[in-house]
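Trainee: I am new to this structure and would be grateful for a close look at a single part of it, namely its enclosed and open spaces. Please also place that part in its surroundings.

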Amino acid sequence: MLSDFPTQIVDEVAHRPWPMPDRPWLMTQSWHDLLFAHWPVDVRALRERVPPGFELDLYEGRAWLGVVPFDMTNVAPRFVPAVPGLSAFPELNVRTYVHVGDKPGVYFFSLDAESSVAVALARAMLKLPYYVASMDVSRQDAWVDYWSERHADDAAAPAEFEGKYRPIGPVQRAMAGSLEYFLTERYCLYNVDDQLNAYRLEIHHPPWQLQVAEAEIAVNTMADAAGIRLPSMAPLLHFSKRQDTVAWAPERL
């Protein structure tokens with residue numbers, strides 16, 4: 001598998017909210033055909049599900065939860081070529097937004113992926129709540145058809161997503177201070193390891209290229225699996241064709 005990862009993105013830094021880490025980045029990822037589906041959720045209910053060391057990051061007093069399906073390629077350590085079967089697979093995230101000090105980031109409730117090897121490596125190396133799922137992604141015209149069902153033998157609540165989505169607006173960069181910027185322009189993630197030690201994992205990517213999207217979601221129990229009830233309302237939807245990312249090793253806080 002030939003990598004098409006644009007390593008020159010590490011030189012594009014003017015948009016970053018804080019300087020790049022002063023140590024070498026360790027891995028690459030390319031994300032394709034992302035849907036950002038976001039719902040406002042109850043702050044108190046969300047607070048109960050996020051480790052106490054992380055402050056909820058709110059936008060105008062509201063908390064948000066995102067369900068984000070996409071495809072990945074170029075998943076590989078630095079200087080290591082992409083490997084068929086390990087470096088490309090679908091992934092589906094459930095996330096909210098937190099901050100520690102002056103660095104806002106993403107908190108993941110779950111990350112479902114089709115590759116059992118990639119899940120095992122990500123759990124071990126990145127200390128993230130990855131789960132194995134059966135997944136299928138297909139494309140027809142501009143629509144992305146996406147299905148994911150978490151394996152019943154994994155140590156997590158059942159979770160399923162079935163739907164299709166497509167972009168319906170022009171490509172735009174989110175304006176600083178906007179809700180779209182708040183939900184997408186994130187340059188680190190937070191979680192806790194097996195001993196409940198909090199850590200930060202820094203990432204870098206170009207500014208998001210977003211499009212307004214539409215979606216037909218038939219099944220979505222991803223938030224329920226995290227113990228969070230979504231409101232009975234249409235989600236806020238955005239699409240991005242591709243995003244390239246580099247990541248650093250986790251650092252204990």
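Mentor: What follows describes the cavity, then the pockets, then the cores and a few single residues. Please bear in mind throughout that this is a predicted model.

Let us begin with the enclosed space. A search of the whole structure finds one cavity of 30 Å³ or more. The volume of the largest cavity is about 340 Å³. Its lining comprises 27 residues, and those closest to the centre are Gln29, Trp31, Phe108, Leu189 and Ile203. Several strands take part: β1, β3, β4, β5, β9, β10 (198–204) and β12 each give two or more residues to the lining of this cavity. Among the elements, β1 gives the most, with five residues. By class, the lining of the largest cavity consists of 19 nonpolar, five polar and three charged residues.

We may now turn to the open spaces. The largest pocket has a volume of about 410 Å³. It is lined by 24 residues, of which Met27, Val75, Pro77, Leu121 and Met125 are the closest to its centre. Two or more residues of this lining come from each of β1 (27–41), β3 (63–77), β4 (89–100) and α2 (116–126). The largest share belongs to α2, which supplies six residues to the lining of the largest pocket. In terms of class, 21 residues of that lining are nonpolar, two are polar and one is charged. Strands β1, β3 and β4 thus appear both in the list for the largest pocket and in the list for the largest cavity.

The second largest pocket holds about 210 Å³ of space. Its lining is formed by Tyr107, Phe108, Phe109, Arg123, Lys127, Leu128, Pro129, Asn191, Val192, Asp193, Asp194 and Leu196. The elements that give two or more residues here are β5 (103–113) and β9 (188–192). Strand β5 makes the largest share of this lining, three residues. Seven of the lining residues of the second largest pocket are nonpolar, one is polar and four are charged. Phe108 deserves a second look, since this residue lines the second largest pocket and is also listed among the residues closest to the centre of the largest cavity.

The nonpolar cores complete this setting. In soluble globular proteins, nonpolar side chains tend to be buried together. Here the largest nonpolar core has 37 residues, and Leu46, Val50, Leu65 and Phe109 have the most contacts inside it. Strand β1 provides the largest share of this core, four residues. Beyond its neighbours within four places in sequence, Leu46 is in contact with Val41, Leu56, Ala63, Trp64, Thr96, Phe109 and Ile228. A second, separate core of 34 residues includes Phe108, Ala113, Val132 and Leu210. Phe109 therefore belongs to the largest core, where it has many contacts by the count given, while Phe108 belongs to the second core.Trp248 is the next residue to consider. It is found in the loop between β12 (236–247) and β13 (251–252). With a relative accessible area of 2%, Trp248 is buried, because buried means under 20%. Leaving aside neighbours within four places in sequence, Trp248 contacts Met20, Pro21, Arg23, Pro24, Trp25, Leu26, Leu201, Glu202, Ile203 and His204. One of these, Ile203, is also among the residues closest to the centre of the largest cavity. A polar atom of the side chain of Trp248 lies 2.6 Å from the backbone oxygen of Arg23. From C-alpha to C-alpha, Trp248 and Arg200 are 9.6 Å apart in space, although 48 residues separate them in sequence.

Gln211 offers a further buried example. This residue is found in strand β11 (residues 211–220). Gln211 has a relative accessibility of 15% and counts as buried. A polar atom of its side chain lies 2.8 Å from the backbone oxygen of Gly169. Not counting residues up to four places away in sequence, Gln211 touches Pro167, Gly169, Pro170, Val171, Leu237, His238 and Phe239.

Ala152 provides the contrast. This residue is found in the loop between β7 (143–150) and β8 (160–167). Its relative accessible area is 82%, so Ala152 is exposed. The C-alpha atoms of Ala152 and Ser110 are separated by 15 Å, and the two residues are 42 residues apart along the chain.

Key: Residues numbered from 1 in each chain as written. Predicted model: local features only at pLDDT ≥ 70, side-chain atom pairs only at ≥ 80, totals over all residues. Heavy atoms only, no water. Buried < 20%, exposed > 50% of the residue type's maximum accessible area, 1.4 Å probe, protein only. Contact = heavy atoms within 4.5 Å. Polar contact = N/O pair within 3.5 Å; in protein donor to acceptor, adjacent residues only side chain to side chain. 1 Å grid on protein atoms, 1.4 Å probe; cavity = no way out; pocket = protein on both sides within 12 Å on 5 of 7 lines; lining within 4 Å. Points joined across faces, edges and corners; volume = space filled by probe spheres on them. Nonpolar A, V, L, I, M, F, W, Y, C, P; charged D, E, K, R; others polar. Core = buried A, V, L, I, M, F, W, Y, C linked by side-chain atoms within 4.5 Å.
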